[in-house]
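What follows is a walk through one protein model and its ligand. Please keep the sequence and the structure in view while reading.

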Amino acid sequence: MKAAVGGYARARDLRHALELLSSADGAGRVLAGGQSLVAALNMRLTTGDVLVDIASLDECRGVVDEGETLRIGALTRHAEIGRDPLIRTHAPLLADAVGHIAHAAIRNRGTIGGAIAHADPAAEFPACALALGAVMHVEGLGGRRSIPAEAFFRDTFETALADGEILTEISVPKAAAGEAQAIEEVARRSGDYALAGLCLVRREGRHRIALFSVGPKPTLAAGAMAALDGGDVEAAVAALTDEIDPPSDTQASGAYRRHLAGVLLRRVVARIEGEAR
Ligand SMILES: Cc1cc2nc3c(=O)[nH]c(=O)nc-3n(C[C@H](O)[C@H](O)[C@H](O)COP(=O)(O)OP(=O)(O)OC[C@H]3O[C@@H](n4cnc5c(N)ncnc54)[C@H](O)[C@@H]3O)c2cc1C
């Protein structure tokens, strides 16, 4: 099927992009890598959108070391995240996640900002952002806002981004000395979205566990985090499987996803303990 769009404009800079969105009377849609949006347009899941192409906004691209944090431009592509030396050193979770995302063609066009703004509950980067305690920086004609990951993801494909705002950058705390970061998932085939996935960050003895594909949005497993802080993996698995309520669909039952979440937690703990030895 062919897409039915209401118009297209290529933004020269961020201000121009925001003005284009504002003049579209609510029909404006940001086009970044197009890897989710164009598929949705072709399937006519959305029609009549005025596409505001932000792909040439250089100010929203690249990775900058800011001392305590890394600032990642929203237009940085998945493949660039995977090979960036600053990311590999200071936020290895993001680099590792790239290997789980789709296929090379998609990773060469899709952007981290697009993945986070799209907020697919099965996507890797939103859960990584949550596990890392990232902050999203967004800009509208009314000014800039910074939104912690915990408040950013609201529901399936729904975020704290307001109409007319653009996600410009993501700040990620740099890994502390001895910090462990890992991602594990189960997918039916390589490149498919995960049936269930889990990110673990162990920072100064405290754990953050973010799950994906087990609910309407990426979720922190607070009970499991507390149990792992106390060193009890089996209590963490029990807490984890209690605190999620995964959906059943054509891919997997909720019960199977719950089981997988426990398996992934044991697996990821074994991995970071093995790497620490
Ligand atoms: C076959 C296939 C398999 C895939 N598998 C996976 C997978 O396993 N895991 C995974 O995580 N993803 C997967 N994806 C999605 C892919 O990673 C996309 O690249 C990503 O979700 C969207 O990034 P994008 O830059 O292409 O955004 P676009 O498609 O351009 O935009 C997506 C949405 O986000 C909005 N948006 C984009 N950028 C911004 C911004 N800066 N500010 C505000 N709003 C913005 C758009 O308006 C749109 O609503 C898959 C896609 C395909 C086609």
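In what order do the three strands of the open sheet stand, and is their pairing parallel or antiparallel? The model, which is a predicted one, shows the order β1-β3-β2 with parallel pairing. The edges are taken by β1, residues 7-10, and by β2, residues 28-31, each of which pairs on one side only. Between neighbouring strands of this sheet the average turn is 25°, with direction ignored.

The pairing of β1 with β3 can be followed in the structure. Strand β3 covers residues 50-53 and runs parallel to β1, and four bridges join the two. At one position in this pairing, R10 stands opposite D53 of β3.

The ligand comes next. Around the ligand there are 29 residues, and those that come nearest are V30, G34, Q35, L37 and T111. V30 falls within the residue range 28-31 given for edge strand β2. T111 also places a polar side-chain atom 2.6 Å from an oxygen atom of the ligand. A32 approaches an oxygen atom of the ligand with its backbone, where an N or O atom lies at 2.9 Å. With Y193 the ligand atom is a nitrogen, and a polar atom of the Y193 side chain lies 2.9 Å from it.

Aromatic rings are a separate topic. How many aromatic pairs does the model contain? The count is one. The pair consists of F152 and F153, whose ring centres are 5.2 Å apart; their planes meet at 85°, so the arrangement is classed as edge-to-face. An angle over 60 degrees is what that class requires. Both partners are shielded: F152 is buried with a relative accessible area of 0%, and F153 is buried with a value of 3%.

The last stop is helix α11, residues 233-243. Which of its residues are buried? They are A236, V237, A239, L240 and T241. As a rule, residues three or four places apart in an α-helix point the same way, because the helix has 3.6 residues a turn. What do the buried residues of α11 pack against? Their partners are two strands, β12 (194-203) and β13 (206-212), together with two helices, α10 (222-229) and α12 (254-276). The start of α11 has a polar contact as well: a side-chain oxygen of D232 comes to within 3.3 Å of the backbone nitrogen of E234.

Note on methods:
Residues numbered from 1 in each chain as written. Predicted model: local features only at pLDDT ≥ 70, side-chain atom pairs only at ≥ 80, totals over all residues. Heavy atoms only, no water. Pairing = 2+ DSSP bridges. Axes fitted to C-alpha atoms, helices over the stretch in contact; angles between N-to-C directions. Phe/Tyr/Trp six-rings, centres within 6.5 Å; stacked < 30°, edge-to-face > 60°. Buried < 20%, exposed > 50% of the residue type's maximum accessible area, 1.4 Å probe, protein only. Contact = heavy atoms within 4.5 Å. Polar contact = N/O pair within 3.5 Å; in protein donor to acceptor, adjacent residues only side chain to side chain. Near = heavy atom within 4 Å.
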